[in-house]
Amino acid sequence: MSDSQSWIDRGLTHVANTYGRYPLVAASGEGCWLTDVDGKRYLDFLAGVAVNSLGHCHPKVVAALQQQAATLLHCSNYFHIPQQIELAELLCQHSFGDRVFFCNSGAEANEAAMKLVRKYSAEQFGENRFEVITALASFHGRTIGTISATGQEKVKAGFAPMVPGFKYVPFGDIQALRTAINPNTCAIMLEPVQGEGGVNVPPAGYLQAVRELCDEKQLLLVFDEVQVGCGRTGTLFAYQHDNVEPDVMTLAKALAGGPPIGAMIAREKYAATLGPGTHGSTFGGNPLMTAAGLAAMKVMLEDGILENCVAMGDYLRQQLEALREKYPFILEVRGRGLIIGMELSIEGGEMVKTALQRGLLINCTVGKVLRFLPPLTVSKDEINQMLEILEGILVEYQEKNND
Ligand SMILES: Cc1ncc(COP(=O)(O)O)c(C=O)c1O
């Protein structure tokens, strides 16, 4: 039996069965490549679902972790933490924000954002103004609060009752948003590009119109950049494409180049509402994770990562567009930077499995959208290798269905 198979069999016994896992047992990673326990190499165009944006085991992130691990792992937020302070400074220097709350995941960052908007609104406008409008097809996490915020029924099934105070509108439809606002609304929370919902890019001018609506109605604007922040779209933060600044933004995934971290960034006016004792996290912002975050952010800002993301994103999109012209079952190619979706008229799950067998990691969202999320350090040669495997799969599908 292969090493992989014996791990898979063992995993079936004691690990919670909450993921439909593929038969790959991960052993090591370098750059765009993941190696399994049998030594098979995979070209990784999933990058831990947008976490490994600097590639696997970026040497500067690893060095920062090693050094920090040997110095201080954890101490508690009862005390001041230099790495946390420096990372907060860097994030605020490069964003609209004034203050950062650190946590450990995207869902936690969104929980912090939802607590902030409720508390601010209660203090300013009274107790009943707590409703948050989010988008259909959004994804904000897996806690009870964030599944309540998520505009997809499938994540809620079996977990009723939901947390009250959420309304959902079609993404990109400003009129629907305007209509949904009522005297209880306190905030609008959106992903600037929807990730899990199928790589949905809003129409031009939409985010600006949302900002204006928030200003007009005195609502807070929250951008969930857990998936599309930290360089993924070719700018440090996705909101920078639209020249629209939110009041609150959430980050996680790529922020520390691999290790778990989350952050909620807010303008001072709003951040001030979360004073001592109102929110917290044991591990949030600990020395180890914020040392990694600091190293990862510096690489992102100083090592040409964003430039490569833009150039490789353009190249990958052009090549995928060329495939769309050849294969009628490819309906659309869309995205920004290096989050790209290829919408099919057919289910994409089998193609993902075939790609895995052939040494390529991609994924499929909402059943029919193949999603490409390579490290932002990906090279043209690696994109070409990916395209060769992908086209092999597309050709076979075409031939089988023409018979
Ligand atoms: C936009 C968005 N928000 C929140 C989350 C939840 O993040 P986490 O899994 O770290 O809790 C995700 C995860 O995919 C996401 O894509």
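Colleague: Is Val199 buried or exposed?
Modeller: Keep in mind that this is a predicted model. Val199 sits in the loop between strand 7 (185-190) and helix 8, and its phi is near 55°, a positive value in a residue other than glycine. Buried means under 20% relative accessible area. Val199 has a relative accessible area of 0%, so the word we want is buried.

Colleague: Val49 has a positive phi too, so where does Val49 sit, and is it buried, partly exposed or exposed?
Modeller: Val49 isn't a glycine, yet its phi is positive, about 50°. You'll find Val49 in helix 2 (residues 47-50). Partly exposed covers the range between under 20% and over 50%. With a relative accessible area of 23%, Val49 is therefore partly exposed.

Colleague: Which peptide bond is cis, with omega near 0°?
Modeller: Take a look at the loop between helix 6 (144-149) and strand 6 (166-169), where Pro161 is found. The cis bond, with omega near 0°, runs from Ala160 to Pro161.

Colleague: Now for the ligand: which residue has a side-chain N or O atom 2.7 Å from a nitrogen atom of the ligand?
Modeller: The ligand is surrounded by 13 residues, and Asp224 and Gln227 are among the closest. The side chain of Gln227 has an N or O atom 2.8 Å from an oxygen atom of the ligand, while Phe139 puts a polar backbone atom 3.3 Å from a ligand nitrogen. For the 2.7 Å pair with a ligand nitrogen, the side chain belongs to Asp224.

Colleague: How much of the ligand's exposed area does the protein bury?
Modeller: Start with the ligand taken alone, which exposes 400 Å². Of that area, the protein buries 82%.

Colleague: Which helix gives the most to the shell around the ligand?
Modeller: By class, the shell has three nonpolar, six polar and four charged residues. The helix that gives the most supplies three residues and covers residues 106-125, which is helix 5.

Colleague: How many residues apart in sequence are the parts that the Arg99 and Glu268 pair ties together?
Modeller: The side chains of Arg99 and Glu268 meet in a salt bridge, 2.6 Å from N to O. Arg99 lies in strand 4 (residues 99-103) and Glu268 in helix 9 (residues 268-271), so the pair joins parts whose separation in sequence is 169 residues.

Colleague: What separates Lys353 and Glu350 in helix 12?
Modeller: These two side chains also meet in a salt bridge, at 3.5 Å from N to O. Lys353 is partly exposed at 41% relative accessibility, and Glu350 is exposed at 54%. Because Lys353 and Glu350 are three residues apart in helix 12 (residues 349-357), what separates them is about one helical turn.

Colleague: How many salt bridges does a search of the whole structure find?
Modeller: There's a network to spot here, linking Arg211, Asp215, Glu245, Asp247 and Arg267. Another salt bridge pairs Arg178 with Glu216, with the closest N and O atoms 3.1 Å apart. Searching the whole structure gives a count of 18.

Colleague: Last one: how far apart are the end C-alpha atoms of helix 13?
Modeller: Helix 13 (residues 380-402) has 23 residues, and at 1.5 Å a residue it should span 33 Å. Its buried residues include Ile383, Met386 and Leu390. The distance between the end C-alpha atoms agrees with the expected span, at 32 Å.

Technical notes: Residues are numbered from 1 along each chain as its sequence is written. This is a predicted model: local features need pLDDT of at least 70, side-chain atom pairs count only at pLDDT 80 or more; totals for chains, interfaces and linings use all residues. Side-chain values use heavy atoms; hydrogens and water are left out. A residue is near a molecule or strand if one of its heavy atoms lies within 4 Å of it. A polar contact is a pair of N or O atoms within 3.5 Å; within protein, one must be able to donate a hydrogen and the other to accept it, and residues adjacent in sequence count only if both atoms are side-chain atoms. Accessible areas come from the Shrake-Rupley method with a 1.4 Å probe; for residues, only the protein chains shown count as cover. Helices (H or I, at least four residues) and strands (E, at least two) are DSSP runs, numbered from the N terminus. Ala, Val, Leu, Ile, Met, Phe, Trp, Tyr, Cys and Pro count as nonpolar, Asp, Glu, Lys and Arg as charged, and the others, Gly among them, as polar. The expected span of a helix is 1.5 Å times one less than its number of residues. Buried means under 20% relative accessible area, exposed over 50%, partly exposed in between (1.4 Å probe, protein chains only). A salt bridge is a side-chain nitrogen of Lys or Arg within 4 Å of a carboxyl oxygen of Asp or Glu.
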